[in-house]
Amino acid sequence: MNEIYKNIYTRRDVRNEFVNTPIPDDVIARVLCAAHHAPSVGLSQPWRFVVIDKPSIKKAVHGLFEEANLEAITLFDPAQQSHYATLKLEGILESAYNVCITCDRRDQTPVLGQTHQPDTDIYSTACAVQNFWLAAKAEQLGVGWVSILDANKLRDVLGIPEGVIPLAYLCVGYVSEFHQIPDLIREGWSRRKPLDEVVSRNHWHSECDNGLANALSNAYSHRESLLGISEAEE
């Protein structure tokens, strides 16, 4: 049980640390198999995986990132723009593989459990992304999610048909290290919210009673015992 929690707590979004080491086929296959065993509404399994190692395709996607990133930086206030420009936000060319996880929405047949919440196919695909990420961490592979991309242009580069959403573009590879503290915390861009700020009981934003409130605090203690570092030290 502790190994599962430790894997969750030490998962990182990797950008700078990829090394030029090939990933054996059986390793990437195990990670894809874990992703394929994610929960999905109505057992619909809407995910499809595009595994990319062709340099010309990676270079084309990297060009899409650079174009989108120039647009993205203008959306932040001037004080943030200079900080933003220093951040490494992808590892497309450096990573051994890029993997695009898509959601296939072309079949309009009713799906059990999706009749009143049609976007649950997207949520199911996000579960596959999380399974992929955690399995990769267990295999000592780094993963970085590149979201600064125009989805339609990415679809064109990868030959993804209409009706299929490119949900997650992931950089995957062995790394020189996994940082103890997440990049955006180390870089001073953001902080993790306290757990008691995001948990309420019975009604939106209602305070937890003492029992649950104490348990939330104890959960931090469990995390600290596994990692040897508190969130206050991050």
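A charge sits over a ring if NZ of Lys or CZ of Arg is within 6 Å of the ring centre and within 35 degrees of the ring normal. K137 meets that rule with F178, lying over the face of the ring at 4.7 Å from its centre. R223 does likewise with Y9, here at 5.9 Å from the ring centre. Keep in mind that all of this comes from a predicted model.

**Rings on rings**

A pair of aromatic rings is described by the distance of the centres and the angle of the planes. Searching the whole structure turns up five aromatic pairs. One of them joins F76 and Y84 in a tilted arrangement, with 5.1 Å centre to centre and 40 degrees between the planes. Are these two rings buried or exposed, or partly so? F76 counts as partly exposed because its relative accessibility is 28%, whereas Y84 is buried, with a relative accessible area of 7%.

F76 also pairs with W189, this time edge-to-face: 5.7 Å centre to centre and 75 degrees between the planes. That contact links distant parts of the chain, as F76 and W189 are 113 residues apart. F76 sits in the loop between α3 (55-73) and α4 (78-85), and W189 in the loop between α7 (183-186) and α8 (210-227). W189 has 24% relative accessibility, so it counts as partly exposed. Put the ring pairs together and you get a cluster of F76, Y84 and W189.

**The nonpolar core**

In soluble globular proteins, nonpolar side chains tend to be buried together. Here the largest nonpolar core holds 23 residues. Which of them touch the most other members? They are I23, I101, F132, L141, L170 and V172. Helices and strands both feed this core: α2 (25-36), β2 (97-104), α5 (120-138), β3 (141-145) and β4 (164-174) are the elements that give two or more residues. The top contributor is α5, with six residues.

**Pockets and a cavity**

Rolling a probe the size of a water molecule over the atoms shows where empty space is left. The table sets out the volumes and the make-up of each lining.

| Space | Volume | Nonpolar | Polar | Charged |
|---|---|---|---|---|
| Largest pocket | about 580 Å³ | eleven residues | two residues | ten residues |
| Second largest pocket | about 330 Å³ | four residues | six residues | five residues |
| Largest cavity | about 30 Å³ | two residues | one residue | five residues |

Starting with the largest pocket, 23 residues line it, and the closest to its centre are R11, R12, P182, R192 and E231. The elements that give two or more residues to this lining are α1 (2-10), α5, α7 and α8. So what does α5 supply elsewhere? As noted, α5 gives six residues to the largest nonpolar core.

Moving on to the second largest pocket, the lining has 15 residues. Nearest its centre lie D107, T109, V111, Q114 and D121.

As for enclosed space, the count comes to one cavity of 30 Å³ or more. Its lining is made of R12, D13, V14, E17, E177, F178, H179 and D183. Two of these names have come up already: R12 is among the residues closest to the centre of the largest pocket, and F178 is the ring that K137 lies over.

Note on methods:
Residues are numbered from 1 along each chain as its sequence is written. This is a predicted model: local features need pLDDT of at least 70, side-chain atom pairs count only at pLDDT 80 or more; totals for chains, interfaces and linings use all residues. Side-chain values use heavy atoms; hydrogens and water are left out. Rings of Phe, Tyr and Trp (its six-membered ring) pair if their centres lie within 6.5 Å; planes under 30 degrees apart count as stacked, over 60 as edge-to-face and the rest as tilted. Buried means under 20% relative accessible area, exposed over 50%, partly exposed in between (1.4 Å probe, protein chains only). Helices (H or I, at least four residues) and strands (E, at least two) are DSSP runs, numbered from the N terminus. On a 1 Å grid over the protein atoms alone, a cavity is a set of points where a 1.4 Å probe fits but cannot get out, and a pocket is an open set with protein on both sides within 12 Å along at least five of seven lines; lining residues have an atom within 4 Å of a point. Grid points are joined across faces, edges and corners, and a volume is the space filled by probe spheres set on the points. Ala, Val, Leu, Ile, Met, Phe, Trp, Tyr, Cys and Pro count as nonpolar, Asp, Glu, Lys and Arg as charged, and the others, Gly among them, as polar. A nonpolar core is a set of buried Ala, Val, Leu, Ile, Met, Phe, Trp, Tyr and Cys residues joined through side-chain atoms within 4.5 Å.
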